[in-house]
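Okay, thanks for coming, everyone. I'd like to walk you through one model today, going from a single residue out to the sheets, a pocket and the cores. Let's put it up on the screen.

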Amino acid sequence: MSYDVGIIGAGVHGVSAAFHLARRGLSTAVFDRSTPASGPTGRSGGICRAYYTDAFLAEVAREGIAFLADFGERTGGGQSGFRRTGAFYLHGPGDVPAARQAAARLGPGAEVVGPEALPHLDTEGVAVAVWEPEAGYADPFATTLGLAEAARGHGAELHLNRPVVAVEEGARGVTVTTADGGTHHLGALLVAAGPWTAPLLRPLGVDLPLTVERHVVAIMEHDPADTAELVPYVLIDVAGGHYSTPQPRTQYLVGGVVAAFPADPDDFDRTAAPEERAGLAAAAARRSPARRRALPAGGWASLYDVSPDWQPVTGRVTEHVYVDAGTSGHGFKLAPAWGEHVARLVLGEADPRLAAFAPSRFASGTGLAAGFGAVRILG
C-alpha cells in the first residue's frame, strides 16, 4: 500500500494530525500497536486550559478548547465530553509577576485575585490566584475516537493492532513494515507515538532527548454530606504541587504537577498504589475542608513523554520524517488545533512560530522557558 502520509501512533495527537491531513485530501494512514487512545492519551486527566507562559501554546490551547467545545459539528457527530468549569491557579509569592503575564493572555473574564477571594479554600502560602473562565475538562478517550472516526470519514485508513517493526527511509519516501508482514510506502512519515517515539526514530539516526515518566492519578469520593462544599472547578495548585478536576456526581481526580520517576513504557505498574493515592489525597485535602473527609475510589498510573524543557517537540527530523511528541503531560487540549499545525508543517505551510518547538533546539542549546519553577508542566 502507498500513502501520501503515514502516522505512527493513534493517540490524540496522531489522529488529530490524520484528521487535518485527510480533510485536505491527502491519502493518510495511521499505524498503532493497539487501538486509539490505548496508550497515555486514554489515561490523561483531560484538563483543558489555556493558562501557559508561552504565548503560542496559549493561543493553540484556546483554539483546541474551542474545537472541543464545538466537537460534534467539527467532526461530524463525535463527542468530546467537554465540560466548562473554569479553573483557578494558586501561586506563591515568587510567581506573581509571571502569573500576571500568563493571565493577560487568557482573554475576557480572566482575572487575578488575592487569596481572600477564595474563602472556601485554605490558601496558606498563596499570594495570588488566577481565574480562567473558559477552562474545564474533557474525555480523552471519546475525543480520540471522535477524531479517528472523523479522519476515517475523510478517507484515512487506520491499521490497528499492528506494531511497526521497521522504518526505512529512501530517496523517495519511507517504508514502514508492520508485525503482520505488511509493507507500506509513504511520501512522508509522522511519528507521534508518545513514549515509544524516541526508540522508533533511533534506527534512522535520530536521537531525541525524550524521557518517560510514570505519573499517578487518584479518584476520590466525597462524603454525601459535603455536597454543598465541593470544589466545582479545575484547581491547579502551583504552590502545593497538585491539580484536581471535578467529576460527575461527587467524585474528583487529583494528580501531581511536578516531575516524577522514570519508567519503562513496556513494563510499568499501571495501578495507583494505596500510598500514592493517599499522598495525592492529602495534598488536595490541605486546600478543602470537604476533601479532608473524601475517601479513595480508585486511580491509575500513566506515562508522560517528557522533553528537556517540558515543551512539545514538533518538526522535521529527516528529509521525509517528522515528529510530534514530548508534550510532557500537557498535550491533550492542544491536540485538536496542534494537529492543524502539524498538517501544515508536513505540507510545507508551517506557521513560523512552530519553529521554536523543533527538535534541533536541544542541540543548539535554545530550549524554551516553561511554567513556574518546578511546575514546568504549565508550559
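Let's begin with V112, which sits in strand β6, residues 111-113. Before I go further, keep in mind that this is a predicted model.

So, is V112 buried or exposed? Neither, really: its relative accessibility is 27%, so V112 counts as partly exposed, since buried would need a value under 20% and exposed one over 50%. What does V112 touch, if we leave aside its neighbours within four places in sequence? The contacts are R100, A103, V128, A129 and V130. And while you're looking there, find W131: W131 and V112 are 19 residues apart in sequence, yet C-alpha to C-alpha they are 6.4 Å apart in space.

Okay, on to a sheet. There's an open one with 3 strands, in the order β3-β8-β4, and the pairing is antiparallel. The edge positions go to β3 (47-48) and β4 (83-84); each has a single partner strand, so one side of each has no neighbour in the sheet. If you zoom in on β3, you'll see 2 bridges joining it to β8, residues 136-137, with the two strands running antiparallel. C48 is the residue opposite G136 of β8.

Now my favourite strand, β13. β13 covers 211-221, and it supplies at least two residues to the lining of the second largest pocket, as does α7 (274-285). Most of β13 is covered, with 9 of its 11 residues buried.

Which strands does β13 pair with? One is β18, residues 295-306, and that antiparallel pairing runs over 11 bridges. To get your bearings, V212 has D305 as its bridge partner in β18. Another is β16, residues 251-256, antiparallel again, over 5 bridges. There, M220 is bridged to Y252. And then there's β17, residues 261-262, joined to β13 by 2 bridges, also antiparallel. In that pairing E213 goes with P262.

Back to that second largest pocket, then. It holds about 280 Å³ of space. Which element gives the largest share of its lining? That's β13, with 3 residues. The full lining is R214, H215 and V216, then the run G256, V257, V258, A259, A260 and F261, and finally E276 and L280.

Let's turn to the cores. As a general point, nonpolar side chains in soluble globular proteins tend to be buried together. Here, the largest nonpolar core has 77 residues, and I7, Y51, I236 and W338 have the most contacts inside it. Helix α2, residues 55-69, gives the largest share of this core, at 8 residues. A second core, separate from that one, has 24 residues, including Y3, W196, L200 and F362.

Click on W338 for a second. Not counting residues up to four places away in sequence, W338 touches H13, F56, L57, V60, P312, T314, D324, L354 and F357.

Last thing, the annotation. The UniProt record, an unreviewed entry, puts "domain: FAD dependent oxidoreductase" at residues 4-345. In the model, the end C-alpha atoms of residues 4-345 are 14 Å apart, and the span is 24% helix and 30% strand.

That's my tour. Happy to go back to any of these views.

Note on methods
Residues numbered from 1 in each chain as written. Predicted model: local features only at pLDDT ≥ 70, side-chain atom pairs only at ≥ 80, totals over all residues. Heavy atoms only, no water. Core = buried A, V, L, I, M, F, W, Y, C linked by side-chain atoms within 4.5 Å. Buried < 20%, exposed > 50% of the residue type's maximum accessible area, 1.4 Å probe, protein only. Helix = DSSP H or I, 4+ residues; strand = E, 2+ residues; numbered from the N terminus. Contact = heavy atoms within 4.5 Å. Pairing = 2+ DSSP bridges. UniProt positions renumbered as here; feature names shortened; annotations may be inferred. 1 Å grid on protein atoms, 1.4 Å probe; cavity = no way out; pocket = protein on both sides within 12 Å on 5 of 7 lines; lining within 4 Å. Points joined across faces, edges and corners; volume = space filled by probe spheres on them.
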